[in-house]
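Reader: Hello! I am new to protein structures and would love to look at one with you, step by step. Could you guide me through it?
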Amino acid sequence: RLSLRRRRRRRRRRAMKLSEYEAIRGYLTALPCNVFPDMDALKASHPGVSLDTLVSIYSQESSRRIRGSHGRHVRGIEAHARRYLGGEDVFAIADAIDFPPCQLMRLLLEHLLCLGHKSVGPCLRDPFGRIPLEPPEGTPAAAYARAHPEVSS
């Protein structure tokens, strides 16, 4: 068991300088949402930082970015839905708005198929069992016809 003094010493050695953290964070936030950073290059430019720490910072910043822009995309879902119903690919829309395609598809399913937030996950896991063969009342038929095969593929 380590003494308190030893633990404090170890903690001081492992502490990252704020300027280094901000440099790593700046690099990661400059990347588009769909690009995974080159961790080898990042590790080479910050040799005192472990790969686990870099992955943790990346995960934290990705999560922060998604949480920060989620509301904006919920409010703009009508425009995204129009593009989707117009035949544009979900991945192309997601790239254009810098938002993860899986999250965009969840928002589209909620909006176009009138699903509740909690219903989207089970629908994605078992689309043939969860999406009825006939569109529900009030659902745009074009949206329904397009979403059913894409969710199940």
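Author: Happily! A salt bridge is a side-chain nitrogen of Lys or Arg within 4 Å of a carboxyl oxygen of Asp or Glu. Please keep in mind that this is a predicted model. With that definition, the number of salt bridges in the structure comes to five.

Reader: How many helices and how many strands does the protein have?

Author: Reading from the N terminus, the elements run α-α-α-α-α-α-α-α-α-α. Each α in that run stands for a helix, and the secondary structure comes to 10 helices and zero strands.

Reader: Which helix has the highest mean pLDDT, and which the lowest?

Author: Let's begin with the whole protein, which averages a pLDDT of 82, with 77% of the residues scoring at least 70. Among the elements, the highest mean, 93, belongs to helix α6 (residues 90-97). The lowest mean, 58, belongs to helix α10 (residues 141-152).

Reader: What is the N to O distance in the salt bridge of E61 and R25, and which helices hold the two residues?

Author: The side chains of E61 and R25 meet with N and O 3.0 Å apart. This pair links distant parts of the chain, 36 residues apart: E61 sits in helix α4 and R25 in helix α2 (residues 18-30).

Reader: Why does E61 count as buried, while R25 counts as partly exposed?

Author: The cut-off for buried is under 20% relative accessible area, and partly exposed lies between that and 50%. R25 has 25% relative accessibility, so R25 is partly exposed. E61 falls under the cut-off, because its relative accessible area is 6%.

Reader: How far apart are the closest N and O atoms of R64 and E61?

Author: Both residues belong to helix α4, and because they are three residues apart there, about one helical turn separates them. R64 counts as partly exposed, at 34% relative accessibility. R64 forms a salt bridge with E61, and their closest N and O atoms are 2.8 Å apart.

Reader: Which residue forms a salt bridge with E88, and which residues are joined into one network?

Author: E88 is partly exposed, with a relative accessible area of 27%. The side chain of E88 meets that of R83 in a salt bridge, 2.7 Å from N to O. Salt bridges that share partners make one network of E22, R25, E61 and R64.

Reader: Which helix gives the most residues to the largest nonpolar core?

Author: The largest nonpolar core has 16 residues, and Y84, V90, L104 and L108 have the most contacts inside it. Helices α5 (77-85), α6 and α7 (101-112) each supply at least two residues of this core. With six residues, the one that gives the most is α7.

Reader: How many residues does the other core have?

Author: This other core lies apart from the largest one. Among its residues are I24, L28, L42 and I57. The count for this core is nine.

Reader: How far apart in space are V74 and E110?

Author: V74 has its place in helix α4 (residues 51-75). Its relative accessible area is 37%, so V74 is partly exposed. V74 and E110 are 36 residues apart in sequence, and from C-alpha to C-alpha their distance in space is 10.0 Å.

Reader: What share of the protein's residues counts as buried?

Author: Let's finish with the whole protein, which exposes about 10100 Å², with carbon and sulfur atoms supplying 54% of that area. Of the 153 residues, the share that counts as buried is 29%.

Key: Residues numbered from 1 in each chain as written. Predicted model: local features only at pLDDT ≥ 70, side-chain atom pairs only at ≥ 80, totals over all residues. Heavy atoms only, no water. pLDDT = per-residue confidence, 0-100. Helix = DSSP H or I, 4+ residues; strand = E, 2+ residues; numbered from the N terminus. Buried < 20%, exposed > 50% of the residue type's maximum accessible area, 1.4 Å probe, protein only. Areas by Shrake-Rupley, 256 points an atom, 1.4 Å probe, with all protein chains shown as cover. Core = buried A, V, L, I, M, F, W, Y, C linked by side-chain atoms within 4.5 Å.
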